[in-house]
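Biologist: I'd like a close look at one part of this model, the space enclosed inside it. Could you start there and then work outwards?

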Amino acid sequence: MSNHPLIDVRNLKQYFTVKADMITKLQLKAVDDVSFTINQGETLGLVGESGCGKTTVGRALLRLYKPTAGEVYFDGNLITDDNIDHYRKDMQVVFQDPYSSLNPRMTMADIVGEPLDIHGLYKTKAERKEKIAELVQLVGLNSDHARRYAHEFSGGQRQRIGIARALAVNPRFIVCDEPVSALDVSIQAQIINTFEELQEKLGIAYLFIAHDLLVVQHMSSRIAVMYLGKIVEVGPADEIIFHPVHPYTQSLISAIPLPDPKAARERRRIILQGDVPSPLNMPAGCPFRSRCRYATEECAQVCPSLEDMGAGHQVACYHPQG
Amino acid sequence: MSETTTLLQVNDLHTSFFTNSGEVKAINGISFSLDRGKILGIVGESGSGKSVTAYSLLRILTDPGRVTAGQVLFNGEDILTYSTQKMHSFRGSRISMIFQDPMTSLNPVYTIGNQLREAIRIHTDRTREQVHARALEMLTLVGVNEPEKRLKQYPHELSGGMRQRVMIAMALACEPDILIADEPTTALDVTIQAQILELMQELQHKLGMAIIMITHDLGVIADICDEIIVMYAGRVCERGTADEIFYNPCHEYTKGLIRSIPTFGSTHEKLTPIAGNPVDLLKLPSGCAFASRCDRAMKICLSDPPEEIRVNENHIAACWVNVKNVYDEAKEGQDQ
């Protein structure tokens, strides 16, 4: 066993240039200095509100964008533009929208078979067909439907096709970008269980991106919380859920709608004032200070960096609570 | 007696969409009542008919949708028999609605003030100054900061949460008796969702209107509703107080829904999903629509639609398994 993590992201930055008007160009810091690791067979949950950069982290890490700065190591090897094609086989992605992420002109067999074609993972036509049938059954679909088109499947089934496509190349790591948020509750549970079963069976590591904290808490062994392009708190899932110390995480967790009327009546919500500031016009210092109850002058000066609180629990705050 | 508390009474409502591929029965005979000043939640998955219910109540169904049978009694009067003209003045002043998507339900080419004043002008005969004052008052009420400035802004200049507040202000401007909220927080982030839910509860206390809250999120429902209706394939599965539905669910579908969401804290316990896929509304079965996905389905479930039975005074369920349970219990009681 190697002792380095499977995925090691160091100081990842992803800036976009946005035209404010004809002349002015602004820099949008979608991901600003983010570091984390994911171990073999582990799930790291990544949560945050829309626009906080969680999807961009996933995409920059897979080099679907060209990162502005920072390094990504896969199994100890630095990933560069030259060797990324080699590592695509090990790192796959499942997208949020099962409707737009499948080509409507391809049959299920072609969609699942395409990665096999690209990476030349079969010798004969019969082998290809067999592999496709295997993958399709692995994710709980009927292989008799291989010649159907995407629109003939329901949302949950489409998401399964997306998972089968990701699994086709035997990846060791999958970025799951909001894979269940477009699905109905009863179907959500089916897909979550499929992800879990695949992890048990194949030992795949996940970066599980979602805004639904109940789902993330269920899936992940560790959770990272993002706010305006930065990780503000990261740690073991139970620690983050039950003993959050960053004021933002605390309000995020207190805002989860609990499917339990008694608990909902007893609980005190911490209501944040105002909206998320525009990432084009970020406040100096801590990005959360404009909505934070505990903000002091110190927070306006320099942005706090992640400090260890023990047991792998890190927080970026000058006034950690609790 | 009943007239003083029951505001809205829906009796055996049926709504269908007459499409080229046949009649889609979106609502198949639902009945419920809403009391003054209560929050009623309607929960169900996509295609269960919860939004169509709201559209039917307000008569804003678009072609080819039509209410085919039933009554909607508002203060004892059937609004389905109202003329188009009468409906125009009724809508917005007595019952108003906010929609899921605050991005698309405001007109992008008019200012917030323009749209808000229009809503007030149509339903009241206030002067220009009074209309303006009322618009300001409403924006302040829903917690929009700098209301004067906002009135002059266009929808795209406001964030999602702000836009939803403007929608709520517009809906409440004429002091309706009922506010229908169709997935009002689904498009919003968790912390903004908490703000909006808090605001709705606060306004409900202050203004005393009744709210019909339509959502697929069991968490939102548990948070703010007094009474809950669970819908599946255009029928009411179960109806009762929030505590009854969550702690004593009697319909197999409700039980399945509650089992399939991760609960706070219970990490790494496997979820129990509901098997199969939602039913095709073009081919509704003659029995219970949920029977094909139900583990405890019996012969009768496939042939006869379940009857609504009263579990207790706060709870009604339409499930044959539940009927059987009650029967078995009664029999056991007799034997002893």
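How do the residues of the lining of the largest cavity divide into nonpolar, polar and charged?

Modeller: Sure, with the reminder that this is a predicted model. The lining of the largest cavity has eight nonpolar residues, one polar and one charged. The cavity itself has a volume of about 80 Å³, and it is one of five cavities of 30 Å³ or more that turn up in a search of the whole structure. Its walls come from Tyr232(B), Arg235(B), Val236(B), Cys237(B), His251(B), Cys288(B), Ala289(B), Phe290(B), Pro306(B) and Ala318(B). Strand β10 of chain B, residues 235-241, supplies the largest share of that lining, with three residues. In that list, Arg235(B) is the charged residue and His251(B) the polar one.

It's worth checking the second largest cavity right after this one, as the two lists overlap: His251(B), Cys288(B), Phe290(B) and Pro306(B) appear in both linings. About 70 Å³ of space lies in the second largest cavity. Besides those residues, Glu252(B), Ala291(B), Cys294(B), Cys301(B), Cys319(B), Trp320(B) and Val321(B) line the second largest cavity. By class, its lining has nine nonpolar residues, one polar and one charged. Glu252(B) is the charged one here.

Now for the open spaces. About 1000 Å³ lies in the largest pocket. It is lined by 48 residues, and the closest to its centre are Ser181(A), His211(A), Thr186(B), His216(B) and Asp217(B). So which helices each supply at least two residues of the lining? From chain A, they are α1 (54-61), α6 (185-202) and α7 (213-219), and from chain B, α2 (50-58), α8 (190-207) and α9 (218-224). α2(B) gives the most, with three residues. The class split of this lining is 19 nonpolar, 19 polar and 10 charged.

The second largest pocket holds about 630 Å³ of space. It has 22 lining residues, and Gly92(B), Met97(B), Ala119(B), His123(B) and Met170(B) are the closest to its centre. Chain B elements giving two or more residues to this lining are β6 (95-98), α4 (112-123) and α7. The largest share, five residues, comes from α4(B). By class, this lining has 13 nonpolar, seven polar and two charged residues.

Two helices from those pocket walls also show up in the helix packing, so let's follow each of them. Take α7(B) to begin with, which spans residues 160-172; its axis and that of α5(B), residues 128-141, come within 9 Å and cross at roughly 130°. The two helices are therefore oblique to each other, and α5(B) passes α7(B) in a right-handed crossing. Arg134(B), Met138(B) and Leu139(B) make the contact from the α5(B) side, while Val166(B), Ala169(B) and Leu172(B) make it from α7(B). Of the contact residues, five are nonpolar, none is polar and one is charged; Arg134(B) is the charged one.

The other helix to follow is α6(A), from the wall of the largest pocket. The axes of α5(A) and α6(A) come within 10 Å and cross at roughly 20°. Angles under 35 degrees count as roughly parallel, and that makes α5(A) roughly parallel to α6(A). Their crossing is right-handed. On the α5(A) side, the contact uses Gly156(A), Gln159(A), Arg160(A), Ile163(A) and Leu167(A), and on the α6(A) side, Ile187(A), Gln190(A), Ile191(A), Thr194(A), Phe195(A), Leu198(A) and Leu202(A). That contact sorts into seven nonpolar, four polar and one charged residues.

α5(A), residues 155-167, has another partner in α3(A), residues 108-119: their axes come within 7 Å and cross at roughly 30°. They are therefore roughly parallel to each other as well, and α3(A) passes α5(A) in a right-handed crossing. Met108(A), Ile111(A), Val112(A) and Pro115(A) of α3(A) meet Ile161(A), Ala164(A) and Arg165(A) of α5(A). By class, that contact has six nonpolar residues, no polar ones and one charged.

Technical notes. Residues are numbered from 1 along each chain as its sequence is written. Chains are lettered from A and ligands numbered from 1 in the order in which they are written. This is a predicted model: local features need pLDDT of at least 70, side-chain atom pairs count only at pLDDT 80 or more; totals for chains, interfaces and linings use all residues. Side-chain values use heavy atoms; hydrogens and water are left out. Axes are lines fitted to C-alpha atoms, for helices over the stretch in contact, and angles run from 0 to 180 degrees between N-to-C directions. Helices (H or I, at least four residues) and strands (E, at least two) are DSSP runs, numbered from the N terminus. Angles under 35 degrees count as roughly parallel, over 145 as roughly antiparallel, 65 to 115 as roughly perpendicular and the rest as oblique. A crossing is left-handed if the near helix is turned anticlockwise from the far one by less than a right angle, and right-handed if clockwise. Contact means heavy atoms within 4.5 Å. On a 1 Å grid over the protein atoms alone, a cavity is a set of points where a 1.4 Å probe fits but cannot get out, and a pocket is an open set with protein on both sides within 12 Å along at least five of seven lines; lining residues have an atom within 4 Å of a point. Grid points are joined across faces, edges and corners, and a volume is the space filled by probe spheres set on the points.
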